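Here are my notes on this one, point by point. Have the model open while you read.

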Amino acid sequence: MNGSKSRPEPAKGSRPRASKGPRPEPAEGSRPRLSTAPRRSFVASYLNDIPRSGIRDFFDIVSARKDVISLGIGEPDFVTPWRIREASITALDRGATTYTSNRGLIELRRQIARYLGQAFDVAYDPENEILITVGVSEALDLAMRAILEPGDEVMYHEPCFVSYNPEIRFAHGVPVPVVTRRENGFRLTRPMLEEKVSPRTKALLLSFPTNPTGATLTREDVEGIAAFAQAHDILVITDEIYSELTYEGERVSIASLPGMKERTIFLHGFSKSWAMTGFRLGYACAPVELSEAMMKIHQYIMMCAPILSQKAAIEALKSNVDTDEMRASYEHRRNFICAGLNEAGIPCHVPKGAFYVFPYVGDYGLTSKDFALRLLDEENVACVPGSAFGASGEGFLRCSYSTDLEAIKEAVTRMARFVARLRKG
Ligand SMILES: Cc1ncc(COP(=O)(O)O)c(C=O)c1O
């Protein structure tokens, strides 16, 4: 058969059909009986201690309602730029429907190496130091599983992305949150780390700009953290997923500092800055030994990332698809929402990156969850309770400004009305 010819669709009505009429009842006495044997729970007990994501829980409530203005979404409101989508469509049209090599397409790895050299001043070998993954989510999981022995501690800054704590626990590590505070813009500095380090500390997980606070670090902060990692012989895992969405200040990756590449796993992906969440594509870069360890897990659990997403990502990097326009649009909306919330008396620091603000709502005698539920109930505005991002997020709300500006304006008006009512009591 000629492979290039498309197969004809089966004619309507020619598919084998299930036999007509009701199924006959099984003969008396032949029905399978329900077992009465005692059955233990087959779920691993450590999972009982890990709660469901607070974001999911909240959005189960939101999805049951109509006409809600949502500031809850953690993904871009842009459709992936056309050139990127087109690359995927063309690849599909040409029959790209196979596995790729476990590490991912070499062309993509070369493009990533080129891009990281230019944008982050870090050099990774596309042959054996870059691994293409199913989002940063998979890369995070691989990193944890590749490095942790049971009981090893991993430090991370909090409030933070909901997955960090569970990812560490899934790999039988011990999460050690380091609380960051709004008084200093939710930054992380060396003295804060020195307070929490222990002989069991194996790694430090970083992500700046941060989800949910939008916090960024100065070069001095990053240098201090690098010196800390070297002094205590700790590995750094840096999640750079929001790096391109930095609005002010210098963007410095810890991997680019002297002596750091050899003790860093650099994670990045296409979800946020290229508006490609649905493509599920990320990558992990690390020195060969670590990269091989992650690769070992990846090849057994995932085999490879989807080929059509890899084709799209090649185009995203090769054609230098301009993400500046999206960044400028987020920045404009950030300025609006921060000014609006502060004017309404809802204190909100001005974050320098990502697409979230993290206003303080702790002065109304409500938990952040109750505040969010009442705001939803009374004004039909959905924001994520800060407690979803760790205990230190209590008293805050995460509001994403990755939504239509008119919707943001209306949401801010409603929030102002809501807190005015709360103040009156
Ligand atoms: C800090 C951070 N890291 C990783 C991810 C997951 O990224 P991906 O879509 O590449 O799996 C998210 C998603 O919200 C995030 O906020």
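Helices and strands here are DSSP runs, numbered from the N terminus, with at least four residues for a helix and at least two for a strand. Keep in mind throughout that this is a predicted model.

1. Let's begin with the overall layout. The domain assignment splits the protein chain into domain 1, made of 50-79 + 323-424, and domain 2, which covers 82-318. Taken over C-alpha atoms, the centres of domain 1 and domain 2 are 26 Å apart. Each partner's share of the contact is 32 residues from domain 1 and 32 residues from domain 2.

2. Now the domain 1 side of that contact. Which elements give two or more residues to the side of domain 1 that touches domain 2? They are helix H1 (54-63), helix H10 (324-343) and strand E9 (356-357). H10 gives the most, with five residues. By residue type, this side of domain 1 comes out as 16 nonpolar, ten polar and six charged.

3. Next, helix H2. With twelve residues (82-93) at 1.5 Å a residue, H2 should span 16 Å, and its end C-alpha atoms do lie 16 Å apart, so the two agree. The buried residues of H2 are Ile 84, Ala 87 and Ser 88. Looking down the axis of H2, you'll find its buried residues within an arc of 95°, which means they line one face of the helix. Trp 82 and Asp 93, on the other side of H2, are exposed. Helix H9 (307-318) is included in what covers the buried residues of H2. After H2 comes Gly 95, with a positive phi near 90°.

4. On to the ligand. How many residues surround the ligand? There are 13, and the closest are Gly 135, Val 136, Ser 137, Asn 211 and Ser 271. Helix H4 (residues 135-147) gives the most to this shell, with three residues. Sorted by type, the shell around the ligand holds three nonpolar residues, nine polar and one charged.

5. Have a look at two peptide bonds as well. Glu 158 and Pro 159 are joined by a cis peptide bond, with omega about 5°. Pro 159 sits in the loop between strand E3 (153-158) and helix H5 (164-170). The bond from Asn 211 to Pro 212 is also cis, with omega near 20°. Asn 211 is the residue already listed among the closest to the ligand. As for Pro 212, its place is the loop between strand E5 (201-206) and helix H7 (219-231).

6. Last, positive phi values outside glycine. Asp 121 has a phi near 60°, and it belongs to the loop between helix H3 (106-120) and strand E2 (130-133). Ala 354 also has a positive phi, of about 60°, and is in the loop between H10 and E9. Is each of these buried or exposed? Asp 121 is exposed, because it has 12 other C-beta atoms within 10 Å, and 12 or fewer counts as exposed. Ala 354 counts as buried because it has 30 C-beta neighbours inside 10 Å, where the cut-off is 20 or more.

Terms used: Residues are numbered from 1 along each chain as its sequence is written. This is a predicted model: local features need pLDDT of at least 70, side-chain atom pairs count only at pLDDT 80 or more; totals for chains, interfaces and linings use all residues. The expected span of a helix is 1.5 Å times one less than its number of residues. The arc is that of the directions from the helix axis to the C-beta atoms. Two residues are in contact if their C-beta atoms, placed from the backbone, lie within 7 Å. Domain bounds come from an automatic or database domain assignment. Ala, Val, Leu, Ile, Met, Phe, Trp, Tyr, Cys and Pro count as nonpolar, Asp, Glu, Lys and Arg as charged, and the others, Gly among them, as polar. A residue is near a molecule or strand if its C-beta atom, placed from the backbone, lies within 6 Å of it.
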